[in-house]
Amino acid sequence: MIDFASPRETAAFVLLSLGLLFDLLGCVGLVRLPDVYNRLQAGTKCVTLGTFLLLLGVVVRFGFDAMGWKALLCIWFIAMTSPTGAHAIARAAHRSGVPLAAGSVLDRYQEDGEARDETRDETAASARGGSAP
Amino acid sequence: MSPLELLMAGLLVAAALCLWRAWRGPTPADRTVSVELLGTVMVGFCAVLAVKTGKDLYMIVGLAWSLLAFVGSLTLAKHLEGRRLDD
């Protein structure tokens, strides 16, 4: 429970509230934005920061005991995994042919596509040749 | 309703918005995005539960959930792209 007479717990509650604000706004962006890439950009950055703030609230509330170190480890995991997952999803969406929203003006990834696909085919062919019995 | 319960209610609203996108998402990529975001939001929910109860069991649940959401979204992304897991 939060005791608002203690400045430390009040600071923890402020951090938790900010985290909730960022999480909610990120999820509103996930619902309202027009295509996958916009949703990914709103959702991943905003929700990651919001969860960082929630976990920092745990660290401020409990200090560096068992709970605080677990929260710091959780921050580390999310900092490592969330951008990686977002990158993989964006690339997979583009390669599986999800179209951009109607107002989009530039698609650099598409312009680079042919050269990259040739490289990938060569790599796959050499991998198949190498592993054939 | 205590302040922490208000925070939990707000996080549940955020999770419901993620689930709405997973239900209505026009493409499979939308659903994958919402699964990853749902994992991250629920880690935050576990953090608020840990503050509310003072038990570090909930932080362990959050740790496991963050890694599982990562592995799940990565697997779905590979599947969308039409590649195998060792490619």
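Q: Is α2(B) mostly covered or mostly uncovered, and how many of its residues are buried?
A: In this predicted model, helix α2 of chain B is mostly covered, with 21 of its 26 residues counted as buried.

Q: What should the helix span, and what does it span in the model?
A: Helix α2 of chain B runs over residues 28–53, and at 1.5 Å a residue its 26 residues should span 38 Å; the C-alpha atoms at its ends are 37 Å apart, which agrees.

Q: What comes just after α2(B)?
A: Gly54(B) follows just after the helix, and this residue takes a positive phi of about 75 degrees.

Q: Okay, on to the contact between the chains: how many residues does each one put in?
A: Chain B contributes 41 residues to the contact and chain A contributes 45 residues.

Q: Which helices of chain B supply that side?
A: On the side of chain B that touches chain A, at least two residues come from each of α1 (3–24), α2 and α3 (57–81), and α2(B) gives the most, with 16 residues.

Q: What kinds of residues are they?
A: The residues on that side of chain B divide into 26 nonpolar, nine polar and six charged.

Q: Switching to chain A, where does Val28(A) lie?
A: Val28(A) lies in helix α1 of chain A, which covers residues 7–32.

Q: And why is Val28(A) called partly exposed?
A: Val28(A) has 16 other C-beta atoms within 10 Å, and because a buried residue needs 20 or more while an exposed one has 12 or fewer, that count falls in between.

Q: How far apart are Val28(A) and Ile78(A)?
A: Val28(A) and Ile78(A) are 50 residues apart in sequence, and in space they are 21 Å apart from C-alpha to C-alpha.

Key:
Residues numbered from 1 in each chain as written. Chains lettered and ligands numbered in written order. Predicted model: local features only at pLDDT ≥ 70, side-chain atom pairs only at ≥ 80, totals over all residues. Helix = DSSP H or I, 4+ residues; strand = E, 2+ residues; numbered from the N terminus. Expected span 1.5 Å × (residues − 1). Contact = placed C-beta atoms within 7 Å. Nonpolar A, V, L, I, M, F, W, Y, C, P; charged D, E, K, R; others polar.
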